[in-house]
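Colleague: Could you take a close look at the charged side chains that pair up in this predicted model, and then set the cysteines and a helix beside them? I would like one connected account rather than a list.

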Amino acid sequence: MEFSINQLLDNFSDDKLVTPKAIEKKLGIGDDNKSVRRLQVALDALEKIGILEKDKGRYRRIQEEGLVEGRLRCSSKGFCFAIQDVEGAEDIYVRESRLSNAWNGDRVLVRVTKDGVRRRSPEGEVRLILERSNPTLLSTVKLTDDSYRAVPLDDRLLFEVELVPDEETPDLDVAVGKLVHLEMVRFSLGNHLPLGRVLQVLGDDAESTNDIDLVCCKHNLPRRFSAKALTAAASLPRGVRKADLKHRLDLRKTLTVRIGNAAAISIAEVESGWELGVHIPDVATYVTAGSPLDLEAQKRLRSFFLGDTILPMLPEMNVFNQPEYLTMSVLIKLDREGKMLSFEIQPSAILVRANLSYQRAQQILDGKMTVDEDAPSQEIDTEVEELVHLIAKVGTFLQEHSNAIRLVLPQIPSQEADEGVRGLTVVPLTLQISGNVTEIMILANKAIASHLQSLSIPSIYLRQIPPDQGKVDDWTKLLESMGISAQLETPDQIQIADLHRILEQVSQLEQGATRDILKYLLMSMFKTSEYVLAPSLHFGLGLIDLPYVHGVFPQNHYADLLIQRILHTVFEEGRDRRSIRIKDGVNLRSSSAHGQVNWSVLPPETERQLIEDLEVVVPKLNQADALYHRSISDLDGLRKAEFMRSHTGGNFYGIITSVQSYGFFVEIESLLVEGLVHVSSLKDDWYEFPLINGKGRARASTLLVGRRSGRQYCLGDRVEVQVKGVDYYRQQIDLVAVVNSESDRDLSNTSESNLGLEDISEEFPEEIDDENLEESPTQQY
C-alpha cells in the first residue's frame with residue numbers, strides 16, 4: 001500500500017515510542033513485503049535527518065523548535081509561501097533557492113529562519129517534503145537534442161520532466177507537440193531532472209481537450225476498476241434470498257418509491273401525524289471490510305459527480321437495480337408539524353413500486369403526466385401518485401420548521417454535450433420535489449446521528465464551521481452598498497439568524513439577477529463540511545447542539561458505508577443491558593434506548609479497534625472531499641471560461657463585487673461568471689483609491705475614482721463590460737468597462753500621456769493567481 005511521509009508521521013504523538021508493527025497496522029500495510037521495506041527505509045531516513053529517534057527498535061518524534069507544517073502555494077515567479085492549517089497563522093515566505101525540490105501544492109515542514117518584521121512575512125526553508133501533491137501532471141512534450149522533455153501546463157511548476165518510454169508509450173515521438181497526462185516515476189533528486197512516463201496523449205492543447213479529461217487528468221481521478229473488483233461485483237446475488245431475511249424486517253408489502261438517486265421512501269398518514277421510512281441500500285452487507293470491493297472503495301472514498309459524468313466509488317451492483325433489495329431502514333414517527341417523536345433503525349428488505357426521476361416526480365406534483373424519457377415504459381398508479389404528494393407535503397413541513405440556510409439559484413451555468421460541441425446551458429428552476437426529498441434525507445441523517453451519540457458509539461460526524469469573518473465583512477460591505485442592513489448581532493461572528501434576516505431583505509430586491517449574485521456569493525463563502533470524530537456544529541443546517549452524520553448514500557460515500565457498518569456492529573455485537581443478571585434490556589435499534597444506557601454498548605476490543613480505524617480514515621475522507629470540490633470547481637471554471645471565450649468581444653451587464661488597487665471584479669448577471677476589469681484597461685483616466693485625511697484607503701476601499709474626471713467605480717454598481725480575453729486553462733476572464741459615449745466626449749481632450757498611463761503596468765499586477773480565490777463548495781445533505 002502506498003503511503004506518504006505525512007501519513008507516517010501522523011502516527012507519532014505525545015512523545016510516545018511506537019513500534020514499526022503498530023505503524024504497519026495503522027497504515028494498512030498488512031503482509032505487503034514491498035510496502036514493509038518502504039516503511040523501514042522511510043523510518044531509517046527520518047531518523048538520519050533528525051525527525052525521529054530510535055530506542056530499542058521503537059521510534060518517537062523529535063519535537064524541533066521553529067518547525068512549521070504547511071502547504072506550499074507558489075507563484076509563476078518561483079517564490080512560495082507555506083500556508084499553515086491553523087486559521088490566522090502567518091504564511092512563511094520561502095525563496096526558490098530554499099525549496100529543496102518541493103513543488104507547488106506539496107505539504108512540507110518548514111524551518112523558520114527569519115521572523116516577520118512589520119508587514120513582512122517570516123522567512124523559512126523547506127526541511128522535509130511530507131506529501132507530494134503532483135503524482136501526475138498535465139504537460140506539453142518537446143524534443144531536445146538528447147531527450148524528450150515535458151513542460152508542465154501549470155506555470156507555477158518551474159521545471160521540466162525527462163520522459164522515459166514504457167509499454168504504454170514505447171515511441172515518444174507520437175507525444176511531441178501534444179498535451180499529455182504523465183505520471184511521475186521519480187521526483188527531482190539533487191541536480192537530476194525528475195523522470196516521468198506518458199499515461200495518455202490528450203490533444204494538441206488544453207482548449208482542444210475534453211474538459212472532463214482535463215479535470216480527471218489534472219486531479220489524477222481513477223476512471224477504471226480493477227478486474228478483481230469487477231468480478232466481485234458481478235458475483236453478487238441478483239435479488240433477496242430467503243436466508244437474507246433472517247433478523248430483518250420484511251417491508252416488501254410497504255408502498256415504497258425511489259426518487260432520483262436518493263434512498264427509497266415510504267410514508268403512511270396516521271392520526272398523530274406520519275410514519276416515515278427512509279430505506280438506505282444495505283451496501284455494507286455486500287461490501288465487507290477488506291474485500292476486493294472494499295479495497296477499491298478505499299482508493300476513491302467517494303463518487304465524483306462531474307456534470308453528466310459520474311466516476312463511481314463502486315462498480316455497478318446489480319443487486320440494487322432490482323425492485324427487491326436489502327436495506328437499512330430509518331423508521332420515523334412525526335407529528336403534524338414535522339417534529340420527530342421517535343424512530344427505529346432496522347435492517348430490512350423492501351420492494352420498490354416505482355423508480356422516478358426528479359422530473360417525473362415533479363410532473364406528478366404538477367399534474368403533468370408526460371412521458372418520462374428515463375423510464376418511458378413505467379406506469380404510474382394512483383397509490384404512487386398519492387405517495388409522491390405525501391413526500392412533498394412532509395418535505396415542505398420539515399423545511400418550514402428547519403433553521404437551515406436554503407439557497408435556491410434559479411439559473412446555474414452548466415454544460416450539455418451537443419454533437420461534441422461544448423457550450424453553456426441554463427438549468428431550469430430547482431425542482432420542488434428535489435428539495436422535499438433532500439429534507440427527508442437530512443432528517444434520516446439526524447436520526448442516525450442522535451442514535452449513535454446517545455449510545456456513545458464511536459462514529460464519524462459532519463462539521464461545518466461558520467464562514468471566514470473576512471469574507472463575511474466583504475459580503476456585508478457589498479450588501480450595504482445596495483441599501484441592505486447587514487449589521488450582525490455579534491460583530492465578530494455571523495450567526496444563522498443574521499443570514500435569515502439578510503436573505504429576507506435580499507429576496508425583496510427588485511432585480512432578480514442581483515438577488516442571484518448575492519446568494520451565489522454567499523454560497524461561495526460557506527466552508528465545506530468536514531468529517532470529525534465527535535458531534536460538532538453544522539452551521540449551514542443550523543445545528544448548534546444536535547449531532548449530524550452523513551449516512552444515506554453508502555454506495556457513493558465511504559463515510560456512509562462506515563456508518564452502516566457501525567450500525568450493523570451495534571445490532572450484532574452490542575450489549576442491550578449492563579449485565580446478564582438483568583432481566584430486561586433496551587432496544588438498541590430504537591430511540592426508546594436514549595437516556596437508558598449507562599454502560600459500554602460495544603465490547604472493549606471492538607470499540608478500541610473501531611476508534612483506531614476511524615482515526616486513520618477520517619483524514620483521508622476529508623482529503624477526498626477536498627479533491628472532489630477542487631475538481632467540480634475546476635470543471636465549472638473551465639465551462640464558464642469556454643462559454644466566455646466564445647463570446648469574446650460581447651457585452652454583458654454585471655455587478656461590481658470587489659474593488660482592489662489593480663482593478664475590480666464583476667459578476668456577470670444570469671451567468672454567475674466572474675471577470676476582472678484591470679485598472680490598466682481604464683484608459684480614460686488615472687484611477688486610484690480616494691484619499692481620506694491625506695491617506696489612501698488601501699484594501700478597505702469600496703471604490704476607484706478617476707483623478708481628473710471624478711468618475712467612480714463603486715462596490716455594488718451595475719456596470720456594462722466587454723469580454724476582452726479568456727485564459728481557458730487558468731479560467732481567468734479579462735473584461736473592459738464599457739463607457740457611454742457622453743462620458744467619452746467629456747474626457748476626449750484628456751491625453752494618456754498626461755495621465756501617466758504608460759506606468760500602470762509596472763504599478764499594478766498583470767495577473768491574479770486563481771489559487772487565491774477559494775472554490776465554491778457544493779452544498780450536500
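Modeller: Asp244 and Arg241 form a salt bridge in which the closest N and O atoms are 3.2 Å apart. The two partners differ in their surroundings, in that Asp244 counts as buried at 13% relative accessibility, whereas Arg241 is partly exposed, with a relative accessible area of 46%. This pair belongs to a set of 43 salt bridges that the structure holds.

Another member of that set joins the side chains of Arg577 and Asp576, with 2.9 Å from N to O. Here Arg577 is partly exposed, with a relative accessible area of 24%, and for Asp576, likewise partly exposed, the value is 24%.

A further salt bridge links Asp155 with Arg730, and its closest N and O atoms are 3.2 Å apart. Asp155 sits in the loop between β9 (148-152) and β10 (161-163), while Arg730 sits in the loop between β34 (718-727) and β35 (732-737), so the pair ties together parts of the chain that are 575 residues apart in sequence. With a relative accessible area of 29%, Asp155 is partly exposed, but Arg730, at 14%, is buried. Besides these pairs there is a network of salt bridges, in which Glu64, Arg98, Arg111, Glu125 and Arg127 are linked.

From the charged side chains we can turn to the cysteines. The count of disulfides comes to 1, and the bond in question joins Cys74 to Cys80, with an S to S distance of 2.0 Å. The torsion about the S-S bond of Cys74 and Cys80 is about 100°, so this disulfide is right-handed. Both ends are shielded by the usual accessibility criterion, since Cys74 is buried with a relative accessible area of 5% and Cys80 counts as buried at 1%.

Cys217 offers a contrast, because its sulfur is 6.8 Å from the closest cysteine sulfur, in Cys216, which is too far for a bond, when a disulfide requires the two sulfur atoms to be within 2.5 Å. Cys217 is nevertheless buried, at 2% relative accessibility. Cys714 is buried as well, with a relative accessible area of 18%, a value that falls under the 20% limit for that class.

The helix to set beside these is α5, which spans residues 227-234 and in which Ala229, Ala232 and Ala233 are buried. Seen down the axis of α5, the buried residues fall within an arc of 100°, so they line one face of the helix. On the other side of α5, the residues Ala227, Thr231 and Ala234 are exposed. What covers the buried residues of α5 includes α7, which runs over residues 292-300.

One serine completes the account, and it lies outside the helices. Ser591 has its place in the loop between α14 (558-573) and α15 (604-645), and despite this loop position Ser591 is buried, with a relative accessible area of 16%. When its neighbours within four places in sequence are left aside, Ser591 is in contact with Ser342, Phe343 and His451.

Methods
Residues are numbered from 1 along each chain as its sequence is written. This is a predicted model: local features need pLDDT of at least 70, side-chain atom pairs count only at pLDDT 80 or more; totals for chains, interfaces and linings use all residues. Side-chain values use heavy atoms; hydrogens and water are left out. Buried means under 20% relative accessible area, exposed over 50%, partly exposed in between (1.4 Å probe, protein chains only). Helices (H or I, at least four residues) and strands (E, at least two) are DSSP runs, numbered from the N terminus. The arc is that of the directions from the helix axis to the C-beta atoms. Contact means heavy atoms within 4.5 Å. A salt bridge is a side-chain nitrogen of Lys or Arg within 4 Å of a carboxyl oxygen of Asp or Glu.
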